[in-house]
Amino acid sequence: MRVFCWGHPHPAAASRRPPSPAVRERGFALRHRVRPVLAVLVLLIGAGIFPAHAVRPDEMLADPGLEARAREVGRELRCLVCRNQSIDDSDADLAHDLRVLVRERIAAGDSNDQVVGFVRARYGDFVLLRPPFEIGTALLWGGPLLVLLLGGIAIRRFYRAQAGTPPPPPLNPDERQRLAAMLGDGSER
């Protein structure tokens, strides 16, 4: 058994014979298949940790407290063009217009709920990243659970059907003889 420490053999393994070229080739191939996957994984994690904010400097409010409220409201509202981003993260022109509208309403003295209510009244529930649980949105909220439930039922039925099928019958002597002839070992059992 070889013990590795960051790619170098452990001193206790030095007395053992070196790995065969085939073993070294498999290790080399494995490392070169894993590295790109790890690089992509690191990039995806990094992209999730550091979200890109599309708020332009000319949109920002002078008061840091009001700007923080505007950012909080912006994280609750969906960009109507991108659909999977908040207006704070989107570069679309409509998202820019919504960010300006949110900041104007906050500067006018509206509360966060009033600003969200104003935008919701204008664009509907679709503008909310987390729509309220209502009759019209029940499938949206329960859909993932329904898909998991149906998938679990399908998997259970599949494995139950597999458990109920009898194993294939054993080979008779004639079939064994033909199989042995095809395999070329010539021995009969």
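**Exercise 1. Decide whether Ser90 is buried or exposed in this predicted model, and find what its side chain reaches.**

Solution. Begin with accessibility: the relative accessibility of Ser90 is 0%, and because the cut-off for a buried residue is under 20%, Ser90 counts as buried. Next, place the residue in the chain, where Ser90 belongs to the loop between α2 and α3. Finally, look for a polar partner: the Ser90 side chain comes to 3.1 Å from the backbone nitrogen of Ala92.

**Exercise 2. Work out which helices supply the largest nonpolar core, and which residues touch the most other members.**

Solution. Start from the core itself, which has 17 residues, and in which Val73, Leu77, Ile87, Val102, Ile106, Val119 and Val127 touch the most other members. Then assign the helices: at least two residues of this core come from each of α2 (64–76), α3 (93–107) and α4 (112–123), and the largest share, five residues, is that of α3. As a last step, take Val73 and leave aside residues up to four places away in sequence; its contacts are then Val102, Ile106, Asn112, Val115 and Val116.

**Exercise 3. Describe how α2 and α4 cross, and name the residues that meet there.**

Solution. Consider the axes first: those of α2 and α4 come within 10 Å and cross at roughly 40 degrees. That angle makes α2 oblique to α4, because angles under 35 degrees would count as roughly parallel and those from 65 to 115 as roughly perpendicular. The handedness follows as a separate step, and the crossing of α2 past α4 is right-handed. To finish, list the contacts, in which Arg69, Glu72, Val73 and Glu76 of α2 meet Asn112, Val115 and Val116 of α4.

Definitions and conventions
Residues numbered from 1 in each chain as written. Predicted model: local features only at pLDDT ≥ 70, side-chain atom pairs only at ≥ 80, totals over all residues. Heavy atoms only, no water. Core = buried A, V, L, I, M, F, W, Y, C linked by side-chain atoms within 4.5 Å. Buried < 20%, exposed > 50% of the residue type's maximum accessible area, 1.4 Å probe, protein only. Helix = DSSP H or I, 4+ residues; strand = E, 2+ residues; numbered from the N terminus. Contact = heavy atoms within 4.5 Å. Polar contact = N/O pair within 3.5 Å; in protein donor to acceptor, adjacent residues only side chain to side chain. Axes fitted to C-alpha atoms, helices over the stretch in contact; angles between N-to-C directions. Parallel < 35°, antiparallel > 145°, perpendicular 65-115°, else oblique. Left-handed = near helix turned anticlockwise from the far one by under 90°.
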